[in-house]
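Here are a few exercises to work through with the model open beside you. Try each one before you read its solution.

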Amino acid sequence: MDDVLTLGMDVGSTTSKCLILRSGAEIAAAALIPAGTGTSGPRRALEEALDKAGLKREDVAVVTATGYGRATCPGADHTASELSCHALGAHFLIPEARTVVDIGGQDAKALRLNPEGKLVSFLMNDKCAAGTGRFLEVMARVLEKEVSDLAEMDAQATGVVPISSTCTVFAESEVISQLAKGVSLPELVKGIHMSVAVRTASLVRRLGVTAPVVMTGGVARNAGVVRALEKELDTPIRVPPLAQLAGALGAAIYGWEHVREKR
Amino acid sequence: MEKPENLLAPFRALCRNPGAQLDKVLAEGKKAVGVLPYFCPEELVYAVGMRPFGLWGAELECASSGRYYPGFICSILHTTLEMGLRGMLDGLSAVMVPTCCDALKSFGPNWKYGVGAIPVIDAAWGQNRKTPAGEEFTRASFRRILGRLAELAGRRASDAALAEAIAVCNENRAALRAFTAAAAAHPEAVSPADRSAVLKAGFFLDRKEHTAMVRALTEALNALPESRWKGLRLVTTGILADSPALLDILGESGFAVMDDQVAQESVLFRRDVPVTEDPALGLARYLGQAEGCSVLYDPGKERGRELVRLARAAKADGVLWVMAKFCDPEEFDLVPVKRMLEDAGIPLLTVEADQQSASYEQARSALEAFAEMLRG
C-alpha cells in the first residue's frame, strides 16, 4: 500500500490540535493553536500542520475530528469521541499503557485499556471545571502568572499551602484569601496542584488503577500536577512527549483504520 | 393499518405539554390529584372517580423553589415545587406525596408552606415491605389515603371500585409490557425518545385511553416486517430516563433501549397488582413484590441481580445508568450494582442527568465513546 496520509483534528475547549500521520505509523507534522472550538483555532491548526508537512488538504485521505468541537470542525470527513482517540493515541505513544489519565481544558477522563490497547472502560469528571486545565488558568490569573510558569514555581516549594475547595469559584476565593495572608507563592501553587491531583485521583481510583499509568492532555505538560498525581495514586506516571497531541494522533489513527478497512 | 409513526406522534405531543392535558381534565369538570413518585397507587385515585396526574418534575429553570430547596437537591422535587409555586398545577384537588427517600420527606412541608392551596396527602408505607407486618402497615396506610381521597372527591370509596381500578391499571401494565417487547423487536420504528414518550404519557392520560392507544401502536409494530436493525442494544436503569435531548443522543449514537429498570418505566409495570379479597392488600403486596428501584428497601440488592438477568435476556451490549443528579439512594446503589454487572461481564456507562441540564454535550461524548468501545 502506498503512503496514506490521515489527519486528526482535536478541537478542544481551549486549544486546537492537528496531526498528520503517514500510513498509521509515522508522524508527518503537528500543530497546536491556543484557541479552541468556535474560534479560528481549528482552521489555523489545520493550515499550520499542512504547511509544516508541505502538503495540501487534497493530499490527505481522511480528516477525522475529535474533541468538544468535533461536530463543527471544518472539513472533517468523520468524527470520533475524544475518549477513544486519547486511548488510541496513548497506546501508539506508549503501547504498554493500561490506564490513561487525560486532563484537558475543561474536563478530566480516566481510561482503562486492555493489553491490546483497546478501550474497555472509562470515567469522565462531572460538569465542573475544578481539577481541569481551566481551573489552573483561573488560578494562574489570580496569581498574575502564566500557566506555563506553574510547574517551575511548584518545584521551588519547600512546603504546601493546601487548597480545600473542590469548586473553581470557591477555590479562587480561597487562593485570594491565602494571598491576602502573604503565603509563599510556590507553596500556594503546590497546594493548587495537589487539589487537582486529589480530584483526579478519586476519578482514577473509581475506575481502578492498573500500571503503567500514562497521562495525556494539556495538563500533562505541568510537571507539578504530574508529581502531585503520582503521589496521590502512589504510582509512577509516564508522560509521552506528545501528550497534548494524543487526541489528534488518535483521530489520525482512527482515520487510518477507516482507510485500511475500506481497502 | 395506521403507520407506527402516526400512532407515536400523539404520545410525543402529550409529553411536550402535559399541562394541556391537566387543563382539559379540569375543563371537563373532573377532579385531579397530583401523584409524586414513587409507588403511590394511582388505583386509589381512580377508585374515587378522580384522575391521577403524574408529577415527575419537568425540564424548567427553578426561580421560586430556590427559597425552599438548595441547588443540590433532586430535580424532580425542585421542579415539581417550582411548578406548584408558578401556579402551573392550579386546579389539582391534592398532591399525594410519599416519604420513601430523605428528599421527599421535606417535600410535603415545603409544599404546604409554599403552595398551600393544594392539600398534601402524606403517603407512608413499611420499609419492611415483604413481611406480613409491613404488608399490613402498607395496607392500612392505603386504606387511610383512600378515605382521604374519598373526602376530597365527595363520594364513597367502595372495594368494588378499587378492584375495578386495579383491573384497569393491570390491563395498562400488560399493554405496556407488550409494547416494550414490540419496541425492542423494532428499534428501526421506535426511537429511545419515542419509547419514553409512550410510557410517560400514561401519567397524564386516563389509563383506559392510554391502554387503547398503546395497544393500537403495539399492533402496528407487530405487523411490521422483521427488523434488520444492526445497532447497539441497551438496558437502561435509574430513576428517570426521559430527557428528549439525552434520548436523541442515544438514538444518534446508534443505541436502542431493549429493556429498562427505570423507576418511571418498567419498574412500575413489570408485575401486576395481585388480585386479593381485600384490594388494598393487593396493592400492598404489589409494593412488596416490586424490585429494581433504589428507594425500595432491598438489603440483598436484588436490583443488581435483576439488572443482570434483564441485560442477559435482552442480549444487551451494555447497561446505561441514567444517574439522577443529587440522588443519594441511586448513588448508594451504584457501588454494589456496578460490581454485580462487572462480575457478569456486562459493560456499564453512567451518565448524570437532571431536569435542569441545559446541555448534554458531555453525555454525548461519553455515549459516543461507549458506542465505539462496544463496537470494538
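The exercises below go through helix packing, domain contacts and the contact between the chains, all in a predicted model.

**Exercise 1.** Work out how helix 2 and helix 8 of chain A pack: what is the angle, and how far apart are the axes?

*Solution.* Start by finding the two helices: helix 2 covers residues 82-93 of chain A and helix 8 covers residues 246-262. Next, take the angle, which comes to about 95°, with the axes 7 Å apart. Angles of 65 to 115 degrees count as roughly perpendicular, so helix 2 of chain A is roughly perpendicular to helix 8 of chain A. Now list who meets whom: from helix 2 the residues include A:H86, A:L88 and A:F92, and from helix 8 they include A:L249, A:I253 and A:Y254. Finally, sort the residues of this contact by class, and you get eleven nonpolar, five polar and one charged.

**Exercise 2.** Split chain A into its domains and describe the side of domain 1 that touches domain 2.

*Solution.* First, the bounds: the domain assignment gives domain 1 as 1-94 + 243-263 and domain 2 as 97-239. Then check the spacing, with 26 Å between the two domain centres, taken over C-alpha atoms. As for the contact, 16 residues of domain 1 of chain A touch 23 residues of domain 2 of chain A. On the domain 1 side, helix 2 of chain A gives the largest share, seven residues. By class, that side has six nonpolar, ten polar and no charged residues.

**Exercise 3.** Which elements of chain A give two or more residues to the side that touches chain B?

*Solution.* Begin with the count: 14 residues of chain A and ten residues of chain B make up the contact. The elements you're after are helix 2 and strand 8 (119-124) of chain A. Of these, strand 8 of chain A brings the largest share, four residues. Classify the chain A side last: seven nonpolar, two polar and five charged residues.

**Exercise 4.** Over in chain B, find the helix that gives the largest share of the side of domain 2 that touches domain 3.

*Solution.* Chain B divides into domain 1 (1-17 + 158-230), domain 2 (31-157) and domain 3 (231-376). The centres of domains 2 and 3 of chain B, taken over C-alpha atoms, are 23 Å apart. Here 31 residues of domain 2 of chain B are in contact with 25 residues of domain 3 of chain B. Helix 4 (75-86) and helix 7 (132-153) of chain B each supply at least two residues of the domain 2 side, and helix 7 of chain B has the largest share, seven residues. To finish, that side divides into 15 nonpolar, seven polar and nine charged residues.

Conventions:
Residues numbered from 1 in each chain as written. Chains lettered and ligands numbered in written order. Predicted model: local features only at pLDDT ≥ 70, side-chain atom pairs only at ≥ 80, totals over all residues. Axes fitted to C-alpha atoms, helices over the stretch in contact; angles between N-to-C directions. Parallel < 35°, antiparallel > 145°, perpendicular 65-115°, else oblique. Contact = placed C-beta atoms within 7 Å. Nonpolar A, V, L, I, M, F, W, Y, C, P; charged D, E, K, R; others polar. Domains from an automatic or database assignment.
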